[in-house]
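Welcome, and thanks for taking a look at this one with me. Below are a few numbered points to help you find your way around.

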Amino acid sequence: AAPLLHGYFRSSCSWRVRIAFALKGIDYDQVPVNLIKDGGQQLTDQYKELNPMQQVPAVTIDGVTLSQSLAIIQYIEETRPGPALLPADPQKRAKVRMICDLIASGIQPLQNLYVLQKIGEDKVSWAQHFIIRGFVALESLLKETAGKYCVGDEISMADICLAPQVYNAERFKVDVDQFPTIKRLNQTLLALEAFSTSHPSCQPDTPADLRA
Amino acid sequence: KNASNSRSFFQPLLHGYFRSSCSWRVRIAFALKGIDYDQVPVNLIKDGGQQLTDQYKELNPMQQVPAVTIDGVTLSQSLAIIQYIEETRPGPALLPADPQKRAKVRMICDLIASGIQPLQNLYVLQKIGEDKVSWAQHFIIRGFVALESLLKETAGKYCVGDEISMADICLAPQVYNAERFKVDVDQFPTIKRLNQTLLALEAFSTSHPSCQPDTPADLRA
């Protein structure tokens, strides 16, 4: 059976997993989980069985259901052939993971739907604050580590995390031009097939008004 | 070995804070691997927060702890540091061999390290202001409800089966945080049991916040 992704078209964490599948050339099925409709389909008891944190993505693969996008992606990396998503050198791997975690722990959780709903009125400036704070640090790191991609010249999980976070930044009207390395890397990545075919603008559940 | 230059190549240097849960994760990993390391305390409260100096920014542009200088490189993000230690040092494995078990370990780590801790760290709580305690409790409880459910499926003696892993390294410090915010951990029996098991291990007790070089006198064990 093909892997099954429970996700949402513009969930950046779901997009990370879509990119990983695409880079590895793995076909998969999607079950859209609409985070807004019906009060949020991620909050059903049914979905809770798949992911008790009641967030997307969750992936059913090889008879097991996993949540947490980076855990899913590293599982894919460790069990599927194809282009490596992590470099071989341990220090480069550490730099890739450092970048991933800066995004996946240091930025995205502070601006995801659940938190913004709790913040309420000030949600946009809250989201902007945390994205900018993270991007200031990330720009500094990437100036040191980046070649053609985030770490050197080979694509990695760091790139998989970067493009979706830039998409989020743009949604919240953060001016990415102030982060030239992030901007350049993002442009390179969006030109790749794995990033464009998995883009939020062309998923099965992308609303008509947001389709590319 | 006395010169600060040579020290960085022979012994890792941890920049951390005694009760930073992310710093404690790294201390546990070093202890489990039997690796000696030096500590440079970064006081998150004093002087407006020593993590905010330009000097510390050089080590970690996110201006958070921990940062570790090891093998001539400085790394931040506790889980990236720990996986580097795992991949370069011998000693007890911090991740299982089986890919599905590894995924479960990482899932638990990330639930804590992305789903709970960042929502209750110092920086965020300072931004939340007055309601900080109930905000922290909310996110810890929310995460622990999910974590308890996961651990009921995965746990044996430890978080995933019967071998200690990075999941355990993440769990105990998060329970410590929960207790600091007066969350009643008794409502999460699997988490409680696992935490008790872990705290009895030397690697967890020697690295505990109550006995670090920068632990204040009134909080010492």
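1. A good place to begin is chain A, which is divided into domain 1, residues 4-83, and domain 2, residues 90-195. Please keep in mind that you are looking at a predicted model. Between domain 1 and domain 2 of chain A, the C-alpha centres are 20 Å apart.

2. How do these two domains meet? Domain 1 of chain A brings 16 residues to the contact and domain 2 of chain A brings 20 residues. Together they bury about 1,700 Å², with 71% of that area on carbon and sulfur atoms. On the domain 1 side of chain A, the residues that lose the most area to domain 2 are R10(A), W15(A) and R16(A), which together make up 35% of what that side buries.

3. The polar side of this domain contact is quickly told. Zero salt bridges are found across the interface of domain 1 and domain 2 of chain A, and two residue pairs are in polar contact there, both residues at pLDDT 80 or more. Helix 1 (12-24) and helix 3 (69-79) of chain A each supply at least two residues of the domain 1 side. Helix 1 of chain A gives the most, with eight residues. By type, the residues on the domain 1 side of chain A are ten nonpolar, four polar and two charged.

4. Next, please turn to the contact between the chains. Chain B and chain A each contribute 41 residues to it. The two chains bury about 3,800 Å² between them, 65% of it on carbon and sulfur atoms.

5. Four salt bridges are found across the interface of chain B and chain A. You can look up a salt bridge between the side chains of E87(B) and R93(A), at 2.8 Å from N to O. The chains also have 13 residue pairs in polar contact, both residues at pLDDT 80 or more.

6. Which elements of chain B supply at least two residues each of the side that touches chain A? They are strand 4 (73-76), helix 4 (78-88), helix 5 (99-115), helix 6 (122-128) and helix 7 (132-154). Helix 5 of chain B has the largest share, twelve residues. That side of chain B holds 22 nonpolar, eleven polar and eight charged residues.

7. Finally, a word on annotation. An unreviewed UniProt entry places "domain: GST C-terminal" at residues 98-217 of chain B. This span is 65% helix and 0% strand, and its end C-alpha atoms lie 44 Å apart.

Definitions and conventions
Residues numbered from 1 in each chain as written. Chains lettered and ligands numbered in written order. Predicted model: local features only at pLDDT ≥ 70, side-chain atom pairs only at ≥ 80, totals over all residues. Heavy atoms only, no water. UniProt positions renumbered as here; feature names shortened; annotations may be inferred. Helix = DSSP H or I, 4+ residues; strand = E, 2+ residues; numbered from the N terminus. Contact = heavy atoms within 4.5 Å. Buried area = accessible area lost by both parts, 1.4 Å probe. Polar contact = N/O pair within 3.5 Å; in protein donor to acceptor, adjacent residues only side chain to side chain. Nonpolar A, V, L, I, M, F, W, Y, C, P; charged D, E, K, R; others polar. Domains from an automatic or database assignment.
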